[in-house]
Amino acid sequence: MDDANNCYSRESSPRTSLEIRNAFVNYFAEREHEVVNSASLIPEDPTVLLTIAGMLPFKPIFLGQVKAPSQRAVSVQKCIRTNDIENVGRTARHQTFFEMLGNFSFGNYFKEEAIRWAWELSTNVYKLDPQRLIISVFREDDEAASIWQDLIGVNPKKIIRMDEKDNFWASGPTGPCGPCSEMYYDFLPELGDDSIDLEDENRFIEFYNLVFMEFNRDNKGKLTPLKNRSIDTGMGLERMAQILQRVPNNYETDLIFPIIEKAARLASIDYLKVDVKTKTSLKIIGDHSRAITHLIADGVRASNLGRGYVLRRLLRRVVRHGRLIGINQTFLTQMGESVIELMSSIYPNLIENKVYILKELETEEERFLETLERGEKLLNSLLKSNPSKIKGEQAFELYDTYGFPLELTEEIASEYGVEVDLKGFNKAMNEQKKRAKAASISIDLTVQSSIEQIVKEIEPTTFKGYETLEERSQVKALIVNGKPSNIGVSGDEIQVILDSTPFYGESGGQVGDRGHLKGIIHDNDAVSIAINAVNTNKNVFVHNGFIEKGQLSVGDVVNGQVDRISRSRAQAHHTATHLLQAALKKVKGPDISQAGSLVDFNRLRFDFHAPNPVTSKELEEIEQLINLWINEAYPLEISQMSLENAKSAGAIAMFGEKYEDIVRVVNVPGVSLELCGGTHVKNTSEIGFLKILNETSVAAGIRRIEAIAGPAIMGFLNERDKIVKDLAERFKSQPNEIIDRVISLQEELKLTTKSLERSREELALTKAISFASNAIHINNSQLIIERLDGIDGTGLQGAAQGLVARLGKNSVVIFGGLPNPNDEKKVVLIAAFGETVISYGLQAGKFIGEVAKICGGGGGGRSNIAQAGGRDGSKLDHALKVAREKLITKLQ
């Protein structure tokens, strides 16, 4: 038996990923751990973009915000991290999508049990050879080291003490923290125990991390023991599968390899026989396919923001690497089917959402291929404007938005003699990575703000704003000038938390109410607080504003007064938004779905998923339909019911949104039925009128309509009227004549521009003809090589072609120049060859491309006419001299 087989003490050890999962869960379930299903990849924690760790769903329990349903828990949590996406496929164990096996204690067992069970699970259940296991502990954690050595019996040489950066876990600068201990597997035990370096990834792999959450760190760095110490562990499923399945990397386990094999078959290649670069692409396809399939299943839609951006970026990397290995067909749906087939027994929501997943993959792939083509067109458009260089942010936009490789941008630009600002590109790339890292790897268990501290200790606010716009309420907490306080005085900026409120708190796309808090308190002194915004934090309403006069203390009773005009405007816009979605579905089709919205006092904005723009005719039809419903004066019916009954009734819910068991349903009978917590008019006639302002694209596949309704229309009409009057005055015409006047001016501008271009071409040709007398005669050929500054490439081309036409088939014309004589970083070179010269085997494109290299550029074209560019005008004269010498030699 070879040494690799010695890592298992008995052949009955779990091997498949399913067996590894079940063994972990069953082991801890037998030890009174409650089995918790995997949470969504969309976390409830608003500070984190995606679920990036197995402990994240338990964060409120660790913080003491909610009571643990059990003192012990075990889970298999799906996770996504993209902070080191560039390492995926290039190292043995980096993935974006991974599954974390974890056992947790909430104030129950601690170090001894966690360590003992981790060792027993690894050696008795997974049957790893104890001689291959290495332990790391925090340098000051003598207790953990003693347990490993004295209780478990680990050789002291195999207990490695590590510094804080490696083995001390902290939620942030302050808050819960503690040492951790990690278990490593040794692939090369024959190298001995004397010089163990756990950073040697070829020899060691960390597979189990035990976090001992036992301290609280204050803002001065002082550590205080926690009253309830906790355990947070994580075992990487892919890593354990690599060990037990005896494969060289995570990708070749049964978790990912079937997906890789599918991609290889589509490309008609064999994974085991291809080069390293191709294997890397296959690994990226395998990993990212899992990630994008699960993201879509959990409700993420591709976009250019937040989670949608993560999805789009991963999806486009799959497509691009598919092209690199030779998959020249659309294939994402096939990769999605492979993932669903492989993982749906563990995650049934993959089957439940299969149709939607595959449709989203198909749509996004087609869209990306279109944007890739648009990227090429955009680059060509940039180059036609004769830039001195492609800016870094432009190259990054091509790379990041259009999936256009940097090296391809450089190659095409060099043909025009244009360089790419690599420094600017790298700067933009680094800024994007910082944003991704900040969004991807931060789990902050610290209650950082004063508001969050108060929210932990206070009862939810009772919202009375559906029934009334005035309410007497008691002040429960104050934050004055950013700090918790018991009293605020005139001039202070203040956040007020009340026991009840008539103010709507910003949510569901609707902005919070405005208004005042007023009262006669403190020795009959009046107090007035202007409220300019209201938001919510875990059902606690925070009223933001400033004290206009008087003073306010915790415990005071005030009268909350919502600004009726602002509320009326918001209500009109919110109900109008429901009507807009209903009209879109009627005109564009039932597949239209909401992607976001904004209900403001002055306008409404509705984002929706649609593959194509809404035409002008469709917009007109939508607007007419909405105004018809408004005029038909439908009374709104608002009720509460179970989520199940609401869905059965056909109520529209946002895909991926989380709802309580009892939901609020807003019904415009026969028109719209939606789940909604916002404020609305009582009758559609209260809206008055709706006007669509514009329809635009905000991201690939996401359209946006902006509109105004109700009282807000008057301000819009007044503004438009002023613009029309100003234009009429400027154009010295009547309002109804403005369009004709603008068209006339545009035509005049076109004619003037064309006339100027013709004049420039004629000037260039006139100059060129004057060079005819300077022609060099070689055998039967005439050669003209001259410098012409101040003329662009188009002008030089026309002049060269015109001169060849005059001189005949035996002529050669080479022009070089600086379009802007004051800018030596932009060089243009033109070559025009007659038919007889071409018959000698000379080609204008190849010839001028070589000459351009002297000026630090390149280029090419057809055999008879070609253009090249360069970046060093100081070498132009030398380049023309070299061109002259080469042509004389060739023509002789």
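Two residues count as being in contact when heavy atoms of theirs lie within 4.5 Å. In this predicted model, W119 touches N124, P130, L133, I135, W148, I152, V154 and M183 in that sense, with residues up to four places away in sequence left out.

**Surroundings of W119 and E182**

W119 is placed in helix α3, which runs over residues 111-125. Because its relative accessibility is 15%, and the limit for a buried residue is under 20%, W119 counts as buried. One of the residues that W119 touches is L133; the two stand 14 residues apart along the chain, and their C-alpha atoms are separated by 9.4 Å.

E182 belongs to strand β7, residues 175-186. Although E182 is buried, it takes part in no salt bridge, and R239, the nearest side chain of opposite charge, is 8.1 Å away. The side chain of E182 is instead joined to that of Y184 by a polar contact of 3.0 Å. When neighbours within four places in sequence are set aside, the contacts of E182 are I134, I135, S136, D166, N167, E206, Y208 and N209. I135 appears in this list and is also one of the residues touched by W119.

**Aromatic pairs**

With ring centres required to lie within 6.5 Å, the count comes to 22 aromatic pairs. F28 and W117 form one that is edge-to-face, and it links distant parts of the chain, with F28 in helix α1 and W117 in helix α3, 89 residues apart. Both F28 and W117 are buried. A further edge-to-face pair is made by F257 and Y271; since F257 lies in helix α7 and Y271 in the loop between α7 and α8, this pair ties together parts that are 14 residues apart in sequence. F257 and Y271 are likewise buried. The geometry of the two pairs is set out below.

| Pair | Centre to centre | Angle between planes |
|---|---|---|
| F28 and W117 | 6.4 Å | 80° |
| F257 and Y271 | 5.2 Å | 80° |

F28 and W117 also belong to a cluster in which ring pairs link F24, Y27, F28, Y109, W117 and Y208. Y208 of this cluster is among the residues in contact with E182.

**Two helices and their spans**

Helix α21 covers residues 738-770, and because its 33 residues should span 48 Å at 1.5 Å a residue, the 48 Å between its end C-alpha atoms agrees with expectation. Within α21, I738, A764 and A768 are buried, and the buried residues of this helix pack against α20 (712-731), α22 (793-807) and β32 (811-817). Helix α12, residues 354-384, has 31 residues and reaches 45 Å from its first C-alpha to its last, close to the 45 Å expected at 1.5 Å a residue. After α12 comes N386, whose phi is positive, near 55°.

**Positive phi in loops**

E32, a residue other than glycine, has a positive phi near 65°, and its place is in the loop between α1 (17-29) and β1 (34-36). S268, which is likewise not glycine, has a positive phi near 60° and sits in the loop between α7 (257-266) and α8 (276-297). Is E32 buried or exposed? Its relative accessibility is 62%, and because exposed means over 50%, E32 counts as exposed. S268, at 68% relative accessibility, counts as exposed by that cut-off too.

Note on methods: Residues numbered from 1 in each chain as written. Predicted model: local features only at pLDDT ≥ 70, side-chain atom pairs only at ≥ 80, totals over all residues. Heavy atoms only, no water. Helix = DSSP H or I, 4+ residues; strand = E, 2+ residues; numbered from the N terminus. Buried < 20%, exposed > 50% of the residue type's maximum accessible area, 1.4 Å probe, protein only. Expected span 1.5 Å × (residues − 1). Lys, Arg positive; Asp, Glu negative; His and termini not counted. Salt bridge = Lys/Arg side-chain N within 4 Å of Asp/Glu carboxyl O. Polar contact = N/O pair within 3.5 Å; in protein donor to acceptor, adjacent residues only side chain to side chain. Phe/Tyr/Trp six-rings, centres within 6.5 Å; stacked < 30°, edge-to-face > 60°.
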